[in-house]
Amino acid sequence: MALNADPGCAVRSSMVEGNTYMCRLFGLSSSPTRARAVFWLLEAPDSLREQAHRDPDGTGLGYFDADGTPHLHKAPLAAYADRRFAEEAKEVWSTTFIAHVRFASTGGLERRNTHPFEQDGRLFAHNGVVEGLDLLDAHLGADRSPVRGDTDSERVFALITREVRRHEGDIGAGIASAVRWIARSLPVYALNVVLTTPQELWALRYPDTHELFVLQRTPGDQGLDHAGTGGRMRVRSSDLSRAPAVVVASEKMDDDPGWRPLRSGELLHCAADLTVTRTLILPDPPAHRLTLADLHPAAAASQKAP
């Protein structure tokens, strides 16, 4: 099996304070309520911890207008102007949001390789590595046409998009069909994904390489205020003191006891009324499961201490 790979988000491990550098995923739904949220995608950690963190390679934020039009704010951090753009607070209104901090292994620091991605009016971000991209390209055939960049992530999204069409718009069925083919056909290190529409959110953890958590928030006295660690992401919303919400993230972003991990192979669906269902769609590990030692040289090099 050819292992032609250009992973968009490989883990980067550091020997400093045991930190793990990996792409950070964040998804939020307050559906059907449109809420205002402020995102800082490059809010720096405090100065005492600064040296224990590697600079990210890209940041992105996706959301929807009231009419369902998707919008993306993303920067590859390839230049000083990109960094200034990413450090600025982004105040946006939406029913669903998706955010991503990228630590790239290969693939240029270009906007086309920066998450999230948009296809068929849906937004998508990925944390992990999928190899065998020549086989995936062959499987996609003409359906590879939405792919504009070099990452495995965008190709995975293209396969999901095709399978959703084949399942007559059933997004859950499309995700399940696509990732089951990947799990049995391609070498997989990690395949954690978040996908959003104007009213709904899906999240998958597979296999157990990286964690993925969900928090079902109820209205309270305080608004939402979440801050990440390695990903440097922060989000605040005073509107969500008055409305429930569902949050999905790569890490527990505060000390709320309600955070729950997704199981390996579990697909979470947050419906338009915030009803959450969790379905085990991949009970078995990948047929060709990768370890750090198995990754191609560029990805393996990205695992070494900086």
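What follows is a walk through the aromatic contacts, nonpolar cores, loops and largest pocket of a predicted model. Residues are numbered from 1 along each chain as its sequence is written, and side-chain values use heavy atoms, with hydrogens and water left out. Because the model is predicted, local features need pLDDT of at least 70 and side-chain atom pairs count only at pLDDT 80 or more, while totals for chains, interfaces and linings use all residues.

A convenient starting point is the set of aromatic rings. Rings of Phe, Tyr and Trp (its six-membered ring) pair if their centres lie within 6.5 Å, and planes under 30 degrees apart count as stacked, over 60 as edge-to-face and the rest as tilted. By this rule there are 3 aromatic pairs. In one of them Phe 26 meets Phe 39 edge-to-face, with 5.9 Å from centre to centre and 80° between the planes. This pair links distant parts of the chain, since Phe 26 belongs to strand E3 (residues 24-29) and Phe 39 to strand E4 (residues 35-40), 13 residues apart; helices (H or I, at least four residues) and strands (E, at least two) are DSSP runs, numbered from the N terminus. Phe 26 is buried, with a relative accessible area of 0%, and Phe 39 is likewise buried at 0%, where buried means under 20% relative accessible area, exposed over 50% and partly exposed in between (1.4 Å probe, protein chains only). Phe 39 also pairs with Phe 97 in a tilted arrangement, 5.6 Å centre to centre and 45° between the planes, and here strand E4 is linked to strand E8 (residues 96-102) across 58 residues. Phe 26, Phe 39 and Phe 97 thus form one aromatic cluster.

In soluble globular proteins, nonpolar side chains tend to be buried together. A nonpolar core is here a set of buried Ala, Val, Leu, Ile, Met, Phe, Trp, Tyr and Cys residues joined through side-chain atoms within 4.5 Å. The largest such core has 32 residues, and those with the most contacts inside it are Ile 182 and Leu 191. Among the elements that each supply at least two residues are helix H3 (152-166), helix H4 (171-185) and strand E11 (187-196), and H4 gives the most, with 8 residues. Not counting residues up to four places away in sequence, Ile 182 touches Val 130, Val 156, Leu 159, Val 188 and Leu 191, contact meaning heavy atoms within 4.5 Å. Apart from this core lies another, of 25 residues, which includes Phe 39, Ala 99, Phe 213 and Leu 215.

The loops hold further local detail. Thr 95, in the loop between strand E7 (90-94) and E8, counts as buried at 5% relative accessibility. Its contacts, leaving aside neighbours within four places in sequence, include Ser 31 and Pro 32, and the peptide bond from Ser 31 to Pro 32 is cis, with omega near 5°. Pro 32 itself is found in the loop between E3 and E4. Elsewhere, Glu 168 has a positive phi near 55° although it is not glycine; it lies in the loop between H3 and H4 and counts as exposed at 77% relative accessibility.

Finally, the largest pocket is lined by 13 residues, of which Arg 217, Gln 222, Gly 223, Asp 254 and Asp 256 lie nearest its centre. Strand E13 (213-217) and strand E14 (224-227) are the elements that give two or more residues to this lining.

Conventions
On a 1 Å grid over the protein atoms alone, a cavity is a set of points where a 1.4 Å probe fits but cannot get out, and a pocket is an open set with protein on both sides within 12 Å along at least five of seven lines; lining residues have an atom within 4 Å of a point.
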